[in-house]
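Trainee: Could you take one part of this structure and go through it closely with me? I would like to see how a single part fits into the whole.

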Amino acid sequence: MLSKLYKPAGRAELLATHQAIIPFIHRTPVLTCQSIDDLLGAQYFFKCENFQKIGAFKMRGGASAALRLSESERAKGLATHSSGNHAQAVASSARAMGVPAYIVMPVDAPKVKVAAVRGYGAEITFCPNTPEDRQAELDKVVDRTEAAFIHPFDDYGVIAGQATAAMELIEQVDVKLDAIMCPVGGGGLLAGTALASHYFSPQTRVIAGEPEQVDDAYRSFHSGQVERNIDNRTVADGLRTTLSNRTLGIIREHVDDIWLVSEAEIVEAMRIIWERMKIIIEPSCAVPLAAAFKHKEALSGQRIGIILTGGNVDVNKLPF
């Protein structure tokens with residue numbers, strides 16, 4: 001069993017985490033696309049976590065956190081709140097470990113993600129889509145079941161698991177990357193990516209993309225304190241949450257910048273990946289490529305890794 005983490009993982013802990021979660025994850029491929037390189041005037045390497053188990057990088061963090069629990073802690077089940085991908089990760093981990101899963105989901109969660117969570121055998125409770133309502137309903141579930149709560153991002157075990165995507169990317173690409181880009185919502189992936197770069201490719205910058213309409217991470221990054229959003233309406237449904245003090249601390253120390261993009265830019269980047277790379281991605285996944293297009297001059301001639309975070313999208317409700 002992995003050790004409990006009370007501070008950000010170091011190099012040895014990240015390596016141990018990657019080894020421990022191997023039975024629960026795919027080593028996803030890194031793809032390139034010459035037409036996108038030509039459009040941007042740079043060389044891009046896409047880490048395809050849309051091909052990950054449960055269709056998203058979240059499987060890494062969910063498994064990592066679950067493995068840090070003792071057998072007695074896991075016995076009564078795993079619980080979380082999530083709009084979809086982390087919910088699937090926790091439900092899938094629980095099924096693999098032979099314990100129940102209790103998931104709180106917002107009423108407007110994508111139906112494809114709700115169906116997937118049900119498919120893993122989880123018990124679902126719905127709530128209004130606000131951070132306060134999610135946590136309040138989760139507290140009721142935990143009180144009733146005594147299940148272990150695995151937070152979607154505010155957990156060093158989750159962050160360590162998410163770091164393994166960038167660790168693999170750095171290892172799989174046979175050139176030194178000038179930058180790695182990923183989206184930011186709660187900051188678990190961004191914090192993990194920053195730690196991976198810090199320990200395994202320190203010359204590589206880390207840049208996040210974020211929707212303009214939910215720009216709390218951008219504001220937090222510059223203010224030094226966790227900022228909130230007035231509302232969370234964005235096509236990038238996986239990025240509607242805010243940072244935690246844990247994720248913000250790592251991000252401010254190790255991330256180089258956060259770039260904002262419009263809803264139209266997200267949709268256009270999503271369309272480009274569908275059309276040019278012939279792969280399915282969800283809107284949140286397209287945010288870093290949208291940022292790359294918006295800042296193409298700043299990245300011109302460089303070698304850029306992009307983490308394609310997931311592909312759980314309702315194909316009957318595409319935004320383009």
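Mentor: In this predicted model, Pro 106 has Cys 127 of strand 5 as its bridge partner, and this pair belongs to the pairing of strand 4 (residues 101–106) with strand 5 (residues 123–127), two strands that run parallel and are joined by 5 bridges. To get from strand 4 to strand 5 the chain passes through helix 6 (residues 111–119), and the β-α-β crossover made in this way is right-handed.

Further along the chain comes helix 8 (residues 156–172). At its start, a side-chain oxygen of Asp 155 comes to within 2.6 Å of the backbone nitrogen of Gly 157. The length of helix 8 can be checked with a little arithmetic: at 1.5 Å a residue its 17 residues should span 24 Å, and the C-alpha atoms at its ends are 25 Å apart, which agrees. Of those 17 residues, 15 are buried, so helix 8 is largely enclosed by the rest of the structure.

Stepping back to the whole, the protein has 14 helices and 10 strands. Its radius of gyration is 18 Å, close to the 20 Å that the globule rule gives for 320 residues, so the protein is as compact as a globular protein of that length. Its C-alpha atoms fill a box of roughly 55 × 40 × 40 Å along the principal axes, and buried residues make up 60% of the 320 residues. Finally, among the contacts with a separation of 6 or more, 73% are between residues 24 or more positions apart.

Definitions and conventions:
Residues are numbered from 1 along each chain as its sequence is written. This is a predicted model: local features need pLDDT of at least 70, side-chain atom pairs count only at pLDDT 80 or more; totals for chains, interfaces and linings use all residues. Side-chain values use heavy atoms; hydrogens and water are left out. Helices (H or I, at least four residues) and strands (E, at least two) are DSSP runs, numbered from the N terminus. The expected span of a helix is 1.5 Å times one less than its number of residues. Buried means under 20% relative accessible area, exposed over 50%, partly exposed in between (1.4 Å probe, protein chains only). A polar contact is a pair of N or O atoms within 3.5 Å; within protein, one must be able to donate a hydrogen and the other to accept it, and residues adjacent in sequence count only if both atoms are side-chain atoms. Two strands pair if DSSP finds at least two bridges between them. A crossover is right-handed if, with the strands pointing away from the viewer, the path from the first strand over the helix to the second runs clockwise. The radius of gyration is taken over C-alpha atoms; the globule rule is 2.2 Å times the number of residues to the power 0.38. Contact means heavy atoms within 4.5 Å.
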